[in-house]
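Biologist: I would like to learn how to read a protein model. Could you take me through one, a feature at a time?

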Amino acid sequence: DSNDEASEGGGGGGGDLIKVGFAQTGSESGWRSANTESMKDAFSEENGFELVFNAADNDPAAQISAVRSFISQGVDAIVIAPIVEDGWDDVLQEAKDADIPVILEDRTVTSSDDLYNSWVGLDFKKEGTTAGEWAAENFKEPTKMVVLEGTTGSAPANDRAEGFDAAIEGSAIEKIDSQTGEFTRDGGKTVMEGFLQKYGADGIDLVYAHNDDMALGAIEAIEAAGATPGEDIKIVSIDAVKDGMQALVDGKINFIVECNPLLGEQAADLVKKVLDDQDVEKAYYVADQSFTKEQAAEVIDSRPY
Ligand code: AHR
């Protein structure tokens, strides 16, 4: 696959190195950059790995092709950050038939858990619930909300919507519109521009963005429309990447729920354990926090991403 990129100094078969194919979603967000860096650091030659990295530009078919190419290359293990939840049965079965263990990181799939060895990631539904509880608590007057959804069919978009919607049920918040911004800054900006044209800045009180990058795009659109983000239109988002945290400190975002991208070490550890025939759980949840403006100001300088 022409998108494959061998790790530094890799490609030579590398003696005792464990050859791992990693099928990343793409490079849609600041979160994703931090996740890719964490994975490349953990799956380094120094740690005993030869990494074959593929980023599928958020195209589910391209990601499945990348996994198929890992299988035909005969890698020792495959790690996948699945773009979408559905459609994995066939290729996971092919990896199983080829005796290649599969570890999922970050996002989940709807396939039976017999088809992969383990998963490490975040509780996306809980992230949505935490964001929704904050909103229900802070908006007691009738509130018009728009939603910037993540990639359609992805586990974080599905679960963050579900958790949030349940948490605001019976509250003063009315969801007037919801559309995907593909987890990107440009996507968030474009969708928000559309919402502002349709409802006017006065017709929107709250934005729920499934990630910080879309919130940052929405901020640009709100400012361009002559309104003040964080005041005229409040914003709640998920991730807690550096730029999002800075916007929170600056008062342009009002609340952020964290999604920790530093999953590399755990994923690498799982690959080694599975290849070593050690027992592993099917799912490992990494803990998340959440931040108000004051809490963000305290920690922003000490955060690694
Ligand atoms: O799967 C995690 C999500 O993917 C992050 O919240 C988002 O920023 C990323 O693109």
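Modeller: Gladly! Let us start with a pair of residues: Ile80 stands opposite Leu104 in E5. Keep in mind that this is a predicted model.

Biologist: What holds strands side by side in general, and in which sense do E4 and E5 pair?

Modeller: Strands of a sheet pair through backbone hydrogen bonds, and the pairing is either parallel or antiparallel. Here strand E4 (residues 77-80) and E5 pair in the parallel sense, over 3 bridges.

Biologist: Is strand E5 largely enclosed or left open by the rest of the structure?

Modeller: We can reason from burial, where a residue is buried if 20 or more other C-beta atoms lie within 10 Å of its own. In strand E5 (residues 102-106), 5 of the 5 residues are buried, so the strand is largely enclosed by the rest of the structure.

Biologist: Now a whole sheet, please. In what order do the 6 strands of the open sheet come?

Modeller: The order is E8-E7-E9-E10-E11-E13, and the pairing is mixed. At the edges stand strand E8 (173-180) and strand E13 (290-291); each has a single partner strand, so one side of each is left without a neighbour in the sheet.

Biologist: How many bridges join E7 to E9?

Modeller: Strand E7 (residues 143-149) and strand E9 (residues 206-209) run parallel and are joined by 4 bridges. Leu148 is a good residue to look at here: it is found in strand E7 and stands opposite Ala209 in E9.

Biologist: Why does Leu148 count as buried?

Modeller: Count its neighbours: Leu148 has 29 C-beta neighbours inside 10 Å, so it counts as buried. Leaving aside neighbours within four places in sequence, its contacts include Gly188, Val191, Met192, Val207 and Met214. Leu148 and Met214 are 66 residues apart in sequence, yet their C-alpha atoms are 6.8 Å apart in space.

Biologist: Let us turn to helices. How can I check the length of H7?

Modeller: Use the rise of 1.5 Å a residue: the 13 residues of helix H7 (residues 212-224) should span 18 Å, and its end C-alpha atoms are 18 Å apart, which agrees. Helix H6 (residues 185-199) can be checked likewise: it has 15 residues and reaches 21 Å from its first C-alpha to its last, close to the 21 Å expected.

Biologist: What follows each of these helices?

Modeller: A glycine with a positive phi. H7 is followed by Gly226, with phi near 85 degrees, and H6 by Gly200, with phi near 75 degrees.

Biologist: How many residues of H7 are buried?

Modeller: In H7, 10 of the 13 residues are buried, so the helix is largely enclosed by the rest of the structure. Among them are Asp212, Met214, Ala215 and Ala218. As for H6, its buried residues include Val191, Met192, Phe195 and Leu196, and the buried residues of H6 pack against E7, E8, E9 and H7.

Biologist: And which residues have the most contacts inside the largest nonpolar core?

Modeller: First the general idea: in soluble globular proteins, nonpolar side chains tend to be buried together. In this model the largest nonpolar core has 51 residues, and those with the most contacts inside it are Val207, Tyr208, Ala215, Ala218 and Ile256. H7 gives the largest share of this core, 7 residues. Apart from it lies another core, of 40 residues, among them Met39, Phe43, Ala81 and Tyr116.

Biologist: Which residues does Val207 touch?

Modeller: Not counting residues up to four places away in sequence, Val207 touches Val146, Leu148, Ala215, Ala218, Ile233 and Ile235.

Biologist: Which residues come nearest to the ligand?

Modeller: Of the 13 residues around the ligand, Ser29, Trp31, Pro156, Phe183 and Asn211 come nearest. The shell divides into 5 nonpolar, 2 polar and 6 charged residues. Helix H1 (30-42) and strand E10 (234-239) each supply at least two residues of it.

Biologist: One last feature: where are Asp239 and Ala240 found?

Modeller: Asp239 is found in strand E10, while Ala240 lies in the loop between E10 and helix H8 (242-249). Asp239 has a positive phi, near 135 degrees, in a residue other than glycine. Ala240 is not a glycine, and its phi is positive too, about 70 degrees. Asp239 is buried, with 31 other C-beta atoms within 10 Å, and Ala240 is buried with 27.

Conventions: Residues numbered from 1 in each chain as written. Predicted model: local features only at pLDDT ≥ 70, side-chain atom pairs only at ≥ 80, totals over all residues. Expected span 1.5 Å × (residues − 1). Buried ≥ 20, exposed ≤ 12 C-beta atoms within 10 Å, placed from the backbone. Near = placed C-beta within 6 Å. Nonpolar A, V, L, I, M, F, W, Y, C, P; charged D, E, K, R; others polar. Core = buried A, V, L, I, M, F, W, Y, C linked by C-beta atoms within 7 Å. Contact = placed C-beta atoms within 7 Å. Pairing = 2+ DSSP bridges.
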